[in-house]
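Q: Could you walk me through this model? I'm new to reading structures, so I'd like to go through it piece by piece.

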Amino acid sequence: MPGLQQKYEELKSHLTEMQRVVVAFSGGVDSTLLLKVAIDTLGPANVLAITADSETYPSRELEESKQIAEALGVPHKVVYTSELAIPGYVENTENRCYFCKKNLFEELLPFINVSDEGYNYILFGLIADDMNEHRPGVKAAQEYGVRGPLQEVGMFKHEIRELAQQLGLSNWDKPSFACLSSRIAYGETITLQKLTKVDQAEEYLRSLGIRQVRVRTHNNIARVEVEQSDMVRVVEMGSEITERLRTIGYEFVTMDLAGYKSGSMNRVLQQGGVS
């Protein structure tokens, strides 16, 4: 298996061939590393970072992406995408992420080859780990010719964090994050009210010092996922946490004993689909 240094060199080689690129930049460690290596390889004049602003991401994520792009010295644009207005999205089927990524890539396409100043490729933070998960957005990327160089060179999350730390990126250990819609059980209609409820609940738990948290929403039930190391604390503060989440809009508050797991909502798909 190739080592991290070899993958890093291959990544730079891929980017060199692309010459000018647009990076779909969320502010997470994956897209930040991709953006950083693109800048180092091609120069900031040949890289454009674009961040989507929508109802499905907290405003703090957008502000963090602005700060990181400024620190990296790269041109940065923000496009507004209303996922709740996308046909097929709010129904929250197992292909929800396809509609989201399709809409995002359509917003980015006008920047490709529009003139001599245009860019050659759209890139996004797909990684090797994603290929073993339910990722409908990959289909949209294939349809629009969007590339995921980190995945192409076989780079996994732990390697991305290691390389990001080596390159001095401030968010190398930032907890994984996904859109707020991923907290809502498949088959339940996605609404702005539900997204706000999830955001407020997770922000409260983070204020307690819990870095990695998901508040999975099953109608009026909150299923809290945290790392194993934080479980005792959540239990000890159970009454306070329950009271707060009830004021936010949940009726019942539970903790998942299996702990935090990225994409845990997808288990119902593995078990035969959404009922």
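**Helices and sheets in a predicted model**

A: Let us begin with one pair of helices in this predicted model: helix α8 passes helix α10 in a right-handed crossing.

Q: Where are those two along the chain, and at what angle do they cross?

A: Helix α8 covers residues 192-207 and helix α10 covers residues 238-248, and their axes come within 10 Å and cross at roughly 155 degrees. That makes α8 roughly antiparallel to α10, because an angle over 145 degrees counts as roughly antiparallel.

Q: Which residues in α8 and α10 meet?

A: On the α8 side they are K197, Q200, A201, Y204 and L205, and these meet E240, I241, R244, L245 and I248 in α10. If you sort the residues of this contact between α8 and α10 by class, you find six nonpolar, one polar and three charged.

Q: OK, switching to the sheets. What's the strand order in the one with four strands?

A: That sheet is open, its order is β3-β2-β1-β4, and the pairing is parallel. The edges are taken by β3 (76-80) and β4 (121-123), and since each of them has a single partner strand, one side of each is left without a neighbour in the sheet. From one strand to the next, the twist averages 25 degrees.

Q: What holds strands together in a sheet, generally?

A: In general, the strands of a sheet pair through backbone hydrogen bonds, and the pairing can be either parallel or antiparallel.

Q: And how many bridges are there between β1 and β4?

A: Strand β1, which spans residues 21-24, pairs with β4 in the parallel sense over three bridges. If you want a place to look, find V23, which stands opposite L123 in β4.

Q: Which helix lies across β2 and β3?

A: That is helix α3, residues 59-72, which lies across β2 (47-53) and β3 and runs at about 160 degrees to β3.

Q: Back to the helices, then. What's going on between α1 and α2?

A: The axes of helix α1 (residues 4-18) and α2 come within 9 Å and cross at roughly 65 degrees, and α1 passes α2 in a right-handed crossing. The contact is made by Y8, L11, K12, L15 and T16 of α1 together with L34, V37, A38, T41 and L42 of α2. By class, the contact of α1 with α2 has seven nonpolar, two polar and one charged residues.

Q: And α2 with α7, is that crossing left-handed or right-handed?

A: The crossing of α2 and α7 is left-handed. The axes of α2 and helix α7 (residues 157-166) come within 10 Å and cross at roughly 55 degrees, and α2 and α7 are therefore oblique to each other. From α2, the residues in the contact are V29, D30 and L33, while α7 brings K157, I160, R161, L163 and A164. The classes in the contact of α2 with α7 come to five nonpolar, no polar and three charged residues.

Q: What about the sheet with three strands, how is that one ordered?

A: It is an open sheet in the order β5-β6-β7, with mixed pairing. Its edge strands are β5 (213-218) and β7 (252-255), each of which pairs on one side only. Strand β6 (residues 221-226) and β7 run parallel and are joined by four bridges, and V224 stands opposite M255 in β7. Helix α8 comes back here, packing on the sheet and touching β5 and β6, with its direction making about 150 degrees with that of β5.

Q: Last thing: which elements have the lowest and the highest mean pLDDT?

A: Helix α11 (residues 267-270) has the lowest mean pLDDT, 66, and helix α2 (residues 29-42) has the highest, 98. The protein averages a pLDDT of 92, and 96% of the residues score at least 70. Where pLDDT is low, the predicted coordinates should not be read in detail.

Notes: Residues are numbered from 1 along each chain as its sequence is written. This is a predicted model: local features need pLDDT of at least 70, side-chain atom pairs count only at pLDDT 80 or more; totals for chains, interfaces and linings use all residues. Side-chain values use heavy atoms; hydrogens and water are left out. Two strands pair if DSSP finds at least two bridges between them. Axes are lines fitted to C-alpha atoms, for helices over the stretch in contact, and angles run from 0 to 180 degrees between N-to-C directions. Contact means heavy atoms within 4.5 Å. pLDDT is the predictor's confidence in each residue, from 0 to 100. Angles under 35 degrees count as roughly parallel, over 145 as roughly antiparallel, 65 to 115 as roughly perpendicular and the rest as oblique. A crossing is left-handed if the near helix is turned anticlockwise from the far one by less than a right angle, and right-handed if clockwise. Ala, Val, Leu, Ile, Met, Phe, Trp, Tyr, Cys and Pro count as nonpolar, Asp, Glu, Lys and Arg as charged, and the others, Gly among them, as polar.
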